[in-house]
Amino acid sequence: MDLAMPVGKPQAKYTASPCRRLLNNKPLSGEKIMTKEKELYTSPLVERNASREMAELFGAQKKFSTWRRLWLELAKAQKKFGLNIKQGQIDQMARHLDDIDFKKAERYEKECRHDVVAHIRTFADAAPKAAPIIHLGATSCFVGDNADLIIMRNALEITAGKLAAVINLLGKFAKKYRDLATLGYTHYQPAQLTTVGKRATLWCYELVMDLQEIEHRLETLPFRGVKGTTGTQASFLELFDGNHNKVKQLDKMVAAAFGFKNICAVTGQTYQRKIDTLVINCLSSIAQSAHKLCNDIRLLANLKQIEEPFEKTQVGSSAMAYKRNPMRCERVTSLCRFVLSSATSPPMTASEQWLERTLDDSANRRIVIPEAFLAVDGILQILINVLDGLVVYPKVIEGYVTAELPFMATENILMASVKAGGNRQELHERIRLHSQAAAAQVKKFGQPNDLISQLKSDMAFSKVNFEKVLDPKNYVGRAPKQVDEFIKGIVEPIRRRYRNQLSRKVDLHV
């Protein structure tokens with residue numbers, strides 16, 4: 001007796017919501033269907049951010065057709081190792097990998113409350129000859145977990161390609177502005193000069209590190225394989241009359257059919273949920289890098305030094321018509337926060353698994369894994385769009401450099417004056433006094449920085465070549481060379497590996 005079910009009380013039948021019944025069962029005109037569909041919540045990740053290729057990857061068609069391919073490859077391997085499976089059964093399964101009757105599967109799932117059983121029955125109806133051998137010896141996680149790993153691998157490959165496209169664009173931007181001197185900031189306070197291109201390499205290098213992590217995950221991602229109900233492979237050992245070697249070869253053969261070099265060494269019923277943590281951590285890392293990049297652009301946009309693309313018909317504010325809000329970078333940072341918060345679920349799920357398996361992972365994983373990938377896909381889509389049209393304002397940047405360079409140049413002015421025969425200690429004191437007076441003009445009265453004018457009028461500095469001393473290029477160090485070295489040593493190898501995926505153009509949904 002099921003102790004969870006009160007004696008004498010009939011089990012309640014599943015009934016769909018009015019909207020679901022209306023949409024699924026009752027014919028409506030095209031206009032009315034569209035109206036009713038707008039009554040239902042749909043994911044903004046799909047509607048506003050992610051690409052179609054990523055959205056389709058996590059769609060029902062891809063998921064359940066992958067299940068059917070897993071059943072097919074299992075049957076083919078079992079036949080090869082001697083089970084009584086006919087070629088006609090294999091052929092019939094192969095003819096019905098994609099023509100899934102989703103309405104029938106939904107009806108079966110309402111009856112049995114088990115999605116894998118529902119799809120076994122649906123597949124068996126489509127391939128009745130194969131009905132006796134579909135899912136033979138397998139557990140639900142044979143299709144569920146292995147399909148998840150196949151789809152995550154595909155999603156990582158898509159992500160890697162788009163990440164490489166972002167790196168390529170940042171490399172182009174860095175090269176273009178390799179020697180454009182700009183004010184560096186530490187603590188968001190003026191610091192020594194750098195170049196616009198060098199700053200872009202800082203953004204780019206973090207994304208390169210993220211790509212390395214994804215490539216490592218792709219290289220090492222394992223297949224769950226053919227492991228049975230609690231991971232002991234007992235059902236398959238029974239099918240093959242105790243032949244351990246056949247069971248081991250079966251595991252390897254199915255994995256190889258899906259292009260996996262690695263197989264989980266051991267499992268319970270599921271693959272180790274820690275694998276999800278490792279995968280989603282890669283996505284979290286991308287979100288961290290993208291958030292930093294876009295926050296920097298937002299800060300620089302406020303200073304009018306750099307702006308994201310702004311279209312001719314784009315409206316910055318419903319009230320303030322003059323505004324050019326960095327809405328694309330803001331959307332990236334918003335999505336990044338979602339990914340960062342989503343990354344907390346997989347480790348909690350992994351730590352919660354009891355013994356060989358518990359089902360409290362399922363509902364969480366159905367949400368977290370697809371949506372983390374969809375969000376990161378949206379982030380990379382937006383970054384490609386932004387970086388393909390990032391606007392730089394050299395004159396504004398020059399103005400900030402001109403305002404702060406006099407203070408930075410004082411050490412060089414001091415050295416030049418000493419070389420011309422001056423007393424270092426006396427000159428240092430004169431510079432200190434002039435600097436304080438100039439700072440007071442700027443801070444108290446909002447006047448331009450007149451330190452150089454003061455120093456030029458001081459006879460103690462009459463032999464200094466101020467034009468040479470005040471050339472910004474003298475204060476950027478190796479920044480231009482660092483850009484060249486970074487592009488050659490770091491960006492170019494990525495360009496070669498992903499050369500067929502770099503010419504992406506992204507038109508944002510909104």
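Colleague: Which residues of helix 7 meet Asp-115, Val-117, Ala-118, His-119, Arg-121, Thr-122 and Asp-125 in helix 8?

Modeller: Helices here are DSSP runs of H or I with at least four residues, numbered from the N terminus, and contact means heavy atoms within 4.5 Å. Helix 7 covers residues 102–112. On its side, the residues meeting helix 8 are Lys-104, Ala-105, Tyr-108, Glu-109, Glu-111 and Cys-112.

Colleague: What kind of model is this, and from what number do the residues run?

Modeller: It's a predicted model, where local features need pLDDT of at least 70 and side-chain atom pairs count only at pLDDT 80 or more, while totals for chains, interfaces and linings use all residues. Side-chain values use heavy atoms, with hydrogens and water left out, and numbering along each chain, as its sequence is written, starts from 1.

Colleague: Which word fits helix 7 against helix 8: roughly parallel, roughly antiparallel, roughly perpendicular or oblique?

Modeller: Axes are lines fitted to C-alpha atoms over the stretch in contact, and angles run from 0 to 180 degrees between N-to-C directions. Under 35 degrees is roughly parallel, over 145 roughly antiparallel, 65 to 115 roughly perpendicular, and the rest oblique. This pair packs at about 135°, with axes 8 Å apart. So helix 7 and helix 8 are oblique.

Colleague: And how does helix 5 sit against helix 8?

Modeller: Helix 5 (residues 60–80) packs on helix 8 (residues 115–126) at about 70°, with the axes 11 Å apart. Therefore the two are roughly perpendicular.

Colleague: Is the crossing of helix 5 over helix 8 left-handed or right-handed?

Modeller: A crossing is left-handed if the near helix is turned anticlockwise from the far one by less than a right angle, and right-handed if clockwise. Helix 7 passes helix 8 in a right-handed crossing. For helix 5 passing helix 8, the crossing is right-handed.

Colleague: Which helix 5 residues meet helix 8?

Modeller: On the helix 8 side you'll find Asp-115, Val-116, His-119, Ile-120, Thr-122, Phe-123 and Ala-126. Their partners in helix 5 are Phe-64, Trp-67, Arg-68 and Trp-71.

Colleague: Trp-71 is also in the largest nonpolar core; which helix gives that core its largest share?

Modeller: A nonpolar core is a set of buried Ala, Val, Leu, Ile, Met, Phe, Trp, Tyr and Cys residues joined through side-chain atoms within 4.5 Å. The largest has 135 residues, and those with the most contacts inside it include Trp-71, Met-93 and Phe-142. Its largest share, 20 residues, comes from helix 9 (residues 140–176).

Colleague: Trp-71 touches His-135 too; is His-135 buried or exposed?

Modeller: His-135 lies in the loop between helix 8 and helix 9, and its phi is near 70°, a positive value in a residue other than glycine. Buried means under 20% relative accessible area, exposed over 50% and partly exposed in between, with a 1.4 Å probe and protein chains only. At 16%, His-135 is buried.

Colleague: What about Leu-355, buried or exposed?

Modeller: Leu-355 is in the loop between helix 15 (345–352) and helix 16 (362–387), and its phi, near 50°, is positive in a residue other than glycine. With 84% relative accessibility, Leu-355 is exposed.

Colleague: Gln-92's side chain has a polar atom 2.7 Å from which residue's backbone nitrogen?

Modeller: Gln-92 is in helix 6 (residues 87–94) and is buried at 10% relative accessibility. Beyond its neighbours within four places in sequence, Gln-92 is in contact with residues including Ala-126, Ala-127 and Pro-128. The backbone nitrogen at 2.7 Å belongs to Lys-129.

Key. A polar contact is a pair of N or O atoms within 3.5 Å; within protein, one must be able to donate a hydrogen and the other to accept it, and residues adjacent in sequence count only if both atoms are side-chain atoms.
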